[in-house]
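Student: Could you take me through this structure step by step, giving the general idea behind each feature before the particular case?

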There are 2 protein chains.
Amino acid sequence: MALIVQKFGGSSVADAEKIRRVAGIIADTYQAGNDVVVVLSAQGDTTDDLLEKAAEINPKPSKRELDMLLSTGEQISISLCAMALEKMGMPVISLTGWQIGMQTNSNYGNARIKEVSCERIRRELDQRRIVLVAGFQGINKYDDITTLGRGGSDTTAVAIAAAMHADLCQIYTDVEGVYTCDPRKVPTAIKLEEITFDEMLELASLGAQVLHNRSVELAKKYGVNLEVLSSYVRKPGTKVKEVTKMEETKISGIAKDSNIARIALIGLKDEPGIAFKVFRVLANKNINIDIILQSIGRDDTEDISFTVAKGDMDAAVEALNANKGALGFKSLEVSDKVCKVSIVGAGMISSPGIAVLMFEALYDAKINIHMISTSEIKVSVLIDAEKADLAMQSIHKKFFGV
Amino acid sequence: MALIVQKFGGSSVADAEKIRRVAGIIADTYQAGNDVVVVLSAQGDTTDDLLEKAAEINPKPSKRELDMLLSTGEQISISLCAMALEKMGMPVISLTGWQIGMQTNSNYGNARIKEVSCERIRRELDQRRIVLVAGFQGINKYDDITTLGRGGSDTTAVAIAAAMHADLCQIYTDVEGVYTCDPRKVPTAIKLEEITFDEMLELASLGAQVLHNRSVELAKKYGVNLEVLSSYVRKPGTKVKEVTKMEETKISGIAKDSNIARIALIGLKDEPGIAFKVFRVLANKNINIDIILQSIGRDDTEDISFTVAKGDMDAAVEALNANKGALGFKSLEVSDKVCKVSIVGAGMISSPGIAVLMFEALYDAKINIHMISTSEIKVSVLIDAEKADLAMQSIHKKFFGV
């Protein structure tokens, strides 16, 4: 007998039929003798519908009231799913964020978890009840409802699994696991049996949106065994662990991030601290930069190129132009028709040939590389957006043969 | 400066436009210098929509999970209305049943209020915030969400007004106040300036569904000043008080109850305890009886007629027929084509002529009376359902001249 935490996303509980399917998975896990805690998201479009209702009344509501509104979505999901399990004769109880003691800070809309008491969950499990928990939500020290922001329900599930020392935390999604590449773009993509936390973190932050980064970070920190699997097909998914038995020389995945823009400052004075000055301007506007390329230009000047999230592009350009005099650049170039393609693999650091293979794959496909960035477990290249899918296919073929 | 509790029903907050109107009333009350606590129901059809979702999954869900589901409706209303007030620049906060400490018993779906702490509400009022409270809901001693059943939001408002010793509890509805008669049936109906709790109780239980009985009983018990008024027209409504300045000889209203059926047992043995035996059979089935008429029949037998709610008719007939031998009646007659019309007035007991005036009005309109029932403050008659509106018009003309 094990303690298993399961999480089902909004599309998995979108209607009555899907709720019944989810209830079937839960009931089977319970009847196999396990203690089961289930975290649910709001049904399908519920959150968008509520946001639309709010926008009609006030385009800029306070985040506190928005959280009060949005948290109803998960409450609806858990009560409906409880009813489906009741219909199957299962002992079940649904609990909201405040009922399970999900304590967060007061950063409405994007709150951080401080503590999960789980006392109530334990009492219910002791009575052999299936416990359904509303994901995405908590309460702060004033007893006000907060929400956890993007990927919040994944985070709820991992936090409960950590607090209760669960044997396994299963994240059910639309896909069958973590793939070597996005299966919609590269049909030959291969499902991974296992992947490390670090690889998963790189893949998540690189745009392979299977699991939200916060939940993977939390799982790594507390050593929670994660499994990503399908709520539609009953077969093993991908295990996310500290160490895997994968061959060291292989990469675990290829990811694409299109939410990116490149900015180039041309003709900066070649003097100490110039990079610091440029990036302080952006930091003051809370703009994160990603890949950076510094290069010698003509006539004792230098150029700096870097990437930002697409949504920050306009603000970045505005801030830089406002400081044109102090920074002393000649011209500014900007493009959002770029894309970052990355390969990730825990064994990469000890296999220098990996990056070369990637570049060869791009050369095979006649794709020009604008920028390169590397870390211990990844290599990223910036290329033209229109070549992104071709690049992924070519890289996948090079590494996986298909 | 006064403390005013306001309650708005589901139709008053049904869409963005109506929520803005309600927010306008609240803001005006606040800006006049008052402390304002507002109780809201779920928007328009929200509760029905949620019930439909539940029925699709489980036709007989547990009441505990149903309350978990339904309580989201009021939470949506309060957050949206708070956003409307924020847009107007008002300081406002919305609070759920558990956040205000609305303690109830565990009778899910029809819970009774045990205590309202109101501590949180007081803290928010101290900061000069408008407080929006989710009606209809509370929590039991296990921290589980309960709902208060029909008329629940009225009850929430009165309970808060009682606990906080509010100066006034305003119930906003679709109508401008309490009328001498249903204005849809009798266009000449007159809006009352004042009415006593007892009169209001009789009118509510007689089918004039302006206020739910539970809320009026609670208001009477704790001496809460109630006012019934329109959320569409800004003018004074009807005050509900312990004692009014109304003339004693006038009635305060005429009500109709069509949800009624008459059952007659013919040819019962004329022996002691026969009425007791008949009504024990019905009491065992939890069937309430209303007007009773016992009369001597032919050949040393007697007849008993009585009325029950329409929904209980079939069960009553079945129970009586099942005990036909023990009760010893010859035949059973039943009709649901009847209607109860009543006049209500606190001064009635000291003015014997009132009932006579009512009978005269019915005689004027050539309407036959089947049964009569009187109490200290009301006279009810059972007549054919098709004559009900005519009866109300004729009685209204007799008492009010129009």
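Tutor: Let us begin with strand pairing: strands are DSSP runs of E with at least two residues, helices are runs of H or I with at least four, and both are numbered from the N terminus; two strands pair if DSSP finds at least two bridges between them. Here strand 15 (residues 289-296) of chain A and strand 16 of chain A run antiparallel and are joined by six bridges, and Ile289(A) has Val308(A) as its bridge partner in strand 16 of chain A. This is a predicted model, in which local features need pLDDT of at least 70 and side-chain atom pairs count only at pLDDT 80 or more, while totals for chains, interfaces and linings use all residues. Residues are numbered from 1 along each chain as its sequence is written, and chains are lettered from A and ligands numbered from 1 in the order in which they are written.

Student: How many bridges join strand 14 of chain A to strand 16 of chain A?

Tutor: Seven bridges join them, strand 14 covering residues 261-269 and strand 16 residues 301-308, and these two strands also run antiparallel; within the pairing, Leu265(A) stands opposite Ile304(A).

Student: Which domains is chain A divided into?

Tutor: Domain bounds come from an automatic or database domain assignment, and for chain A they give domain 1 (3-173) and domain 2 (261-335), whose C-alpha centres lie 43 Å apart.

Student: Why does Ile93(A) count as buried?

Tutor: A residue is buried if 20 or more other C-beta atoms, placed from the backbone, lie within 10 Å of its own, exposed if 12 or fewer do, and partly exposed in between. Ile93(A), which lies in strand 3 (residues 92-95) of chain A, is buried because 25 other C-beta atoms lie within 10 Å. Two residues are in contact if their C-beta atoms, placed from the backbone, lie within 7 Å, and beyond its neighbours within four places in sequence, Ile93(A) is in contact with Ala82(A), Glu124(A), Arg129(A) and Val131(A).

Student: What is notable about the phi of Arg128(A)?

Tutor: Most residues other than glycine have a negative phi. Arg128(A), although not a glycine, has a positive phi of about 60°; its place is in the loop between helix 4 (119-126) and strand 6 (130-134) of chain A, and it counts as exposed because it has 9 C-beta neighbours inside 10 Å.

Student: How are chain A and chain B related?

Tutor: Two copies of a chain are related by a rotation about an axis and a shift along it. Superposed by least squares on the C-alpha atoms of residues with pLDDT of at least 70 in both, chain B falls on chain A after a rotation of 179° with 0.2 Å of shift along the axis (RMSD 0.3 Å). The two copies are therefore related as by a two-fold rotation axis.

Student: Which element gives the largest share of the side of chain B that touches chain A?

Tutor: The contact takes 25 residues from chain B and 25 residues from chain A, and on the side of chain B the largest share, 13 residues, comes from helix 3 of chain B. Of the 25 residues of that helix, 23 are buried, so helix 3 of chain B is largely enclosed by the rest of the structure. Finally, 100% of the interface residues of chain B are also interface residues in chain A, so the copies meet through the same surface.
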